[in-house]
Amino acid sequence: MNAFLTGYSYWDNTPRGSAQIARPVIHRQAGGTGTYEDPVTLAVGHVKRNGRSYMDYPAGTKFYIKNLQRYAIVEDLCGDGPKPQAGPCHSGYQGHDWLDIYVGGKGINESWVDSCMNRITGIQPVIVNPRPGYPVSPGEIAASGCATF
């Protein structure tokens, strides 16, 4: 399928300047190298009802992002505030689901990380629940310069 992919970093995470995640599955904090065994943390939209969040994809769902050559796993929520369902993470972009991948960036200039994230933003082909064995370019996305393939 095609999804609208954005990035989030150490600098614009909630809380700011952290790698905290809402729904840990294999990581305690946002991260991952992008391999099948160590996928990168991914945030998805959610709906809040009666103080509880219901994710657009369940925590633990894996994706393969072809243009980044990385596997990702849902471990975080995209969208803040009392009605995240009113925001773009849940409603999507031009009919495409919105996925927000953690790019890292701690120790890297914040404005450089922002421009890096802009380079990967767009409609991207992804595979939901992928098999192992796709090409992987492992490592932190921001440290790689947000390289695409």
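**Exercises on disulfides, rings and fold**

The link of C116 and C146 is right-handed, with 105° about the S-S bond. The model you are looking at is predicted, so local features need pLDDT of at least 70 and side-chain atom pairs count only at pLDDT 80 or more, while totals for chains, interfaces and linings use all residues. Residues are numbered from 1 along each chain as its sequence is written, and side-chain values use heavy atoms, with hydrogens and water left out.

**Exercise 1. Find the disulfides and say which parts of the chain each one joins.**

Step 1. Search for pairs of cysteine sulfur atoms within 2.5 Å, the cut-off for a disulfide. The count comes to two.

Step 2. Start with C116 and C146, whose sulfur atoms are 1.7 Å apart. C116 belongs to helix α2 (residues 110-120) and C146 to the segment after β8, so this disulfide ties together parts 30 residues apart in sequence. Helices here are DSSP runs of H or I with at least four residues, and strands are runs of E with at least two, numbered from the N terminus.

Step 3. Move to C78, which is joined to C89 with an S to S distance of 1.8 Å. C78 sits in the loop between β6 (70-77) and α1 (88-91), whereas C89 is in helix α1, 11 residues away.

Step 4. Check the surroundings. Both C116 and C146 are buried (under 20% relative accessible area; exposed is over 50% and partly exposed lies in between, with a 1.4 Å probe and protein chains only). C78 and C89 are buried too.

Step 5. Write the pattern: with bonded cysteines counted along the chain, it reads 1-2, 3-4.

**Exercise 2. Classify the ring pair of Y57 and F63 and locate a cluster of rings.**

Step 1. Rings of Phe, Tyr and Trp (its six-membered ring) pair if their centres lie within 6.5 Å; planes under 30 degrees apart are stacked, over 60 edge-to-face, and the rest tilted. The whole structure holds nine aromatic pairs.

Step 2. For Y57 and F63 the ring centres are 5.1 Å apart and the planes meet at 80°, so the pair is edge-to-face. Both Y57 and F63 are buried.

Step 3. Follow the ring pairs onward and you reach a cluster that links Y36, Y64, Y71 and Y134.

**Exercise 3. Describe the setting of R131.**

Step 1. Place R131 in the segment after β8 (122-128). R131 is partly exposed, with a relative accessible area of 48%.

Step 2. Look at the charged end of R131, which sits over the ring of Y134, 4.1 Å from its centre. The rule asks for CZ of Arg or NZ of Lys within 6 Å of the ring centre and within 35 degrees of the ring normal. R119 has its charged end over the ring of W112, 5.5 Å from the centre.

Step 3. Setting aside residues up to four places away in sequence, R131 touches Y36 and Y71 (heavy atoms within 4.5 Å). K62 is 69 residues from R131 along the chain, yet their C-alpha atoms are separated by 9.4 Å.

**Exercise 4. Summarise the fold of the protein chain.**

Step 1. Count two helices and eight strands. From the N terminus on, their order is β-β-β-β-β-β-α-β-α-β.

Step 2. Along its principal axes, the C-alpha trace spans about 40 × 35 × 30 Å.

Step 3. Of the 149 residues, 46% count as buried.
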